[in-house]
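Here is a short briefing on how one chain's helices pack and where its nonpolar residues gather. Please keep the sequence and the model side by side while reading.

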Amino acid sequence: MESTERGLLKDYLGRYKRAKDKKEELEARVKMIRADIRFSDGRSMEDETSLKARISEIEARIDRQKDTMAKFILETMDIMDYLPSESLERSILEMRHIDCLSWREICRRQHMSRTPCCRYYRDGLDTILQNKRVRKILKEYEESGDKAEKKNEHTKAHFNML
């Protein structure tokens, strides 16, 4: 398979992890603001009200992010169904894109070095890419402009993935 097709599929499958990371970032932000509110003595009532409103806005974003995560995990699982349920390729892809495990952890769990794990991962991607429906989904995804929101995120994802 062409590496650009693989890259697009990896980007598509990586949406769940990116959404999960964004939710965790928002939750950390709320936690920091709450701590700031608790430990500030010189803040005016107006400032505290403004901060509480900000927390409320962020919590609404967290709820939307959870909905996005649910959508992405279902779509990822749907794509995984194109691999045999007991295959090593599927197991590795699920660990990477559903469980969001690092390559080190995947290798540890599979009792393999990185090279064979990556080979099974690539073989799984190639098997998935043979399906016409998957290719159509990826074409629509590419045309929608939803690919990794920012080039920096894509670059970061590239270094974290195969």
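The points below cover helix packing, two single residues and the nonpolar cores.

This is a predicted model. Its largest nonpolar core has 30 residues. Helix 1 (residues 3–13) packs against helix 7 (residues 132–144) and also against helix 2.

**Helix 1 with helix 7**
- The two axes come within 10 Å and cross at roughly 80 degrees.
- Helix 1 and helix 7 are therefore roughly perpendicular to each other.
- Helix 1 makes this contact through Glu5, Leu8, Leu9, Asp11 and Tyr12.
- On the helix 7 side, the contact residues are Arg135, Ile137, Leu138, Tyr141 and Glu142.
- By class, six of the residues in this contact are nonpolar, four are charged and none is polar.

**Helix 1 with helix 2**
- The axes of helix 1 and helix 2 lie 4 Å apart, at an angle of about 40 degrees.
- An angle between 35 and 65 degrees falls outside the parallel and perpendicular classes, so helix 1 is oblique to helix 2.
- Asp11, Tyr12 and Leu13 of helix 1 meet Arg15, Tyr16 and Arg18 of helix 2.
- This contact has three nonpolar and three charged residues, with no polar ones.

**Arg18**
- Arg18 sits in helix 2 (residues 15–38).
- Its relative accessibility is 16%, so Arg18 counts as buried; the cut-off is under 20%.
- A polar atom of the Arg18 side chain lies 3.0 Å from the backbone oxygen of Asp11.
- Asp11 and Arg18 both belong to the contact between helix 1 and helix 2.

**Thr68**
- Thr68 belongs to helix 3 (residues 45–80).
- Thr68 counts as partly exposed because its relative accessibility is 28%.
- Thr68 and Tyr16 are 52 residues apart in sequence, yet their C-alpha atoms are 8.1 Å apart in space.

**Nonpolar cores**
- In soluble globular proteins, nonpolar side chains tend to be buried together.
- Within the core of 30 residues, Leu9, Leu13, Ile79 and Leu93 have the most contacts.
- Helices 1, 2 and 3 each give two or more residues to this core, as do helix 4 (88–97), helix 5 (103–110), helix 6 (114–129) and helix 7.
- Leaving aside residues up to four places away in sequence, Ile79 touches Leu9, Tyr12, Leu13, Ile128, Val134 and Ile137.
- A second core, separate from this one, has eight residues, among them Val30, Ile37, Leu51 and Ile55.

Notes. Residues are numbered from 1 along each chain as its sequence is written. This is a predicted model: local features need pLDDT of at least 70, side-chain atom pairs count only at pLDDT 80 or more; totals for chains, interfaces and linings use all residues. Side-chain values use heavy atoms; hydrogens and water are left out. Buried means under 20% relative accessible area, exposed over 50%, partly exposed in between (1.4 Å probe, protein chains only). A polar contact is a pair of N or O atoms within 3.5 Å; within protein, one must be able to donate a hydrogen and the other to accept it, and residues adjacent in sequence count only if both atoms are side-chain atoms. Axes are lines fitted to C-alpha atoms, for helices over the stretch in contact, and angles run from 0 to 180 degrees between N-to-C directions. Angles under 35 degrees count as roughly parallel, over 145 as roughly antiparallel, 65 to 115 as roughly perpendicular and the rest as oblique. Contact means heavy atoms within 4.5 Å. Ala, Val, Leu, Ile, Met, Phe, Trp, Tyr, Cys and Pro count as nonpolar, Asp, Glu, Lys and Arg as charged, and the others, Gly among them, as polar. A nonpolar core is a set of buried Ala, Val, Leu, Ile, Met, Phe, Trp, Tyr and Cys residues joined through side-chain atoms within 4.5 Å.
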